[in-house]
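Here is a friendly tour of one protein chain, starting from the spaces on its surface and moving on to its overall build. Have the sequence and the 3D view open as you read.

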Amino acid sequence: MPQSTVKDRVIAKIKRSSSSVFLRKEFDQLGDYRQVSRAINEAAASGMLVKVGFGLYAKARPSTISGKPVPTVPLLNIGLEVMQKIGVKADVGKDAVALREGRSTQIPMLPIINIGKARVSRKIAVGSRQVVYEKS
């Protein structure tokens, strides 16, 4: 039986994971830093992943309109999952909370995440859309 390559191990980890967001450091145990980086970049180039920030990747699927890779989950969910993985307690913004509680009928257009009193400067974006942070 042939030895599996780093690329094979990275692709297998992506496919079997229930998570839709990956940090770069989650792949460190699969091999050498450069080999893993090359495998991640190849997965992003093939359309399996899309880069959403520095060291942040999301599972992707082809767009029905353009055929280019787009994330499988909305940008707001990506931002919330990233905050969970880096250890920041976060929730949706106050406008989305008002909508969820029935105090408003307006749907927020921006992906706003309430990070409480945490200090976060991580940029999370897909294309021209970027996650906006809100402090409480």
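The second largest pocket in this predicted model has a volume of about 200 Å³. Its lining is made up of 17 residues, and the closest to its centre are Leu76, Ala96, Pro108, Leu110 and Pro111. Two elements give two or more residues to this lining: helix H3 (75-86) and helix H4 (94-101). Of these, H4 supplies the largest share, with five residues. By class, the lining of the second largest pocket holds 11 nonpolar residues, one polar and five charged.

Now for the largest pocket, which has a volume of about 240 Å³. It is lined by 13 residues, with Arg24, Lys25, Tyr33, Phe54 and Gly55 the closest to its centre. Which helix gives the most to the lining of this largest pocket? That is helix H2 (residues 33-46), with three residues. Here the lining divides into five nonpolar, three polar and five charged residues.

The two pockets can be set side by side:

| Pocket | Volume | Element giving the most to the lining | Lining by class |
|---|---|---|---|
| Largest | about 240 Å³ | H2, three residues | five nonpolar, three polar, five charged residues |
| Second largest | about 200 Å³ | H4, five residues | 11 nonpolar, one polar, five charged residues |

Stepping back to the whole chain, you will find four helices and nine strands. Followed along the sequence, they come in the pattern α-β-α-β-β-β-α-β-α-β-β-β-β. The C-alpha trace spans about 60 × 35 × 25 Å along its principal axes.

Some of the strands come together in an open sheet of three, in the order S5-S6-S9, with mixed pairing. Strand S5 (91-92) and strand S9 (132-135) are at the edges and have a single partner strand each, so one side of each has no neighbour in the sheet. Strand S6 (residues 112-116) pairs with S9 in the parallel sense, over four bridges. To find this pairing in the 3D view, look for Ile112, which stands opposite Val132 in S9.

How much of the protein chain counts as buried? The share is 39% of its 136 residues. The accessible surface comes to about 8800 Å², and carbon and sulfur atoms account for 53% of that area. As for contacts in the chain with a separation of 6 or more, 44% of them are between residues 24 or more positions apart.

Definitions and conventions: Residues are numbered from 1 along each chain as its sequence is written. This is a predicted model: local features need pLDDT of at least 70, side-chain atom pairs count only at pLDDT 80 or more; totals for chains, interfaces and linings use all residues. Side-chain values use heavy atoms; hydrogens and water are left out. On a 1 Å grid over the protein atoms alone, a cavity is a set of points where a 1.4 Å probe fits but cannot get out, and a pocket is an open set with protein on both sides within 12 Å along at least five of seven lines; lining residues have an atom within 4 Å of a point. Grid points are joined across faces, edges and corners, and a volume is the space filled by probe spheres set on the points. Ala, Val, Leu, Ile, Met, Phe, Trp, Tyr, Cys and Pro count as nonpolar, Asp, Glu, Lys and Arg as charged, and the others, Gly among them, as polar. Buried means under 20% relative accessible area, exposed over 50%, partly exposed in between (1.4 Å probe, protein chains only). Contact means heavy atoms within 4.5 Å. Accessible areas come from the Shrake-Rupley method with a 1.4 Å probe; for residues, only the protein chains shown count as cover. Two strands pair if DSSP finds at least two bridges between them.
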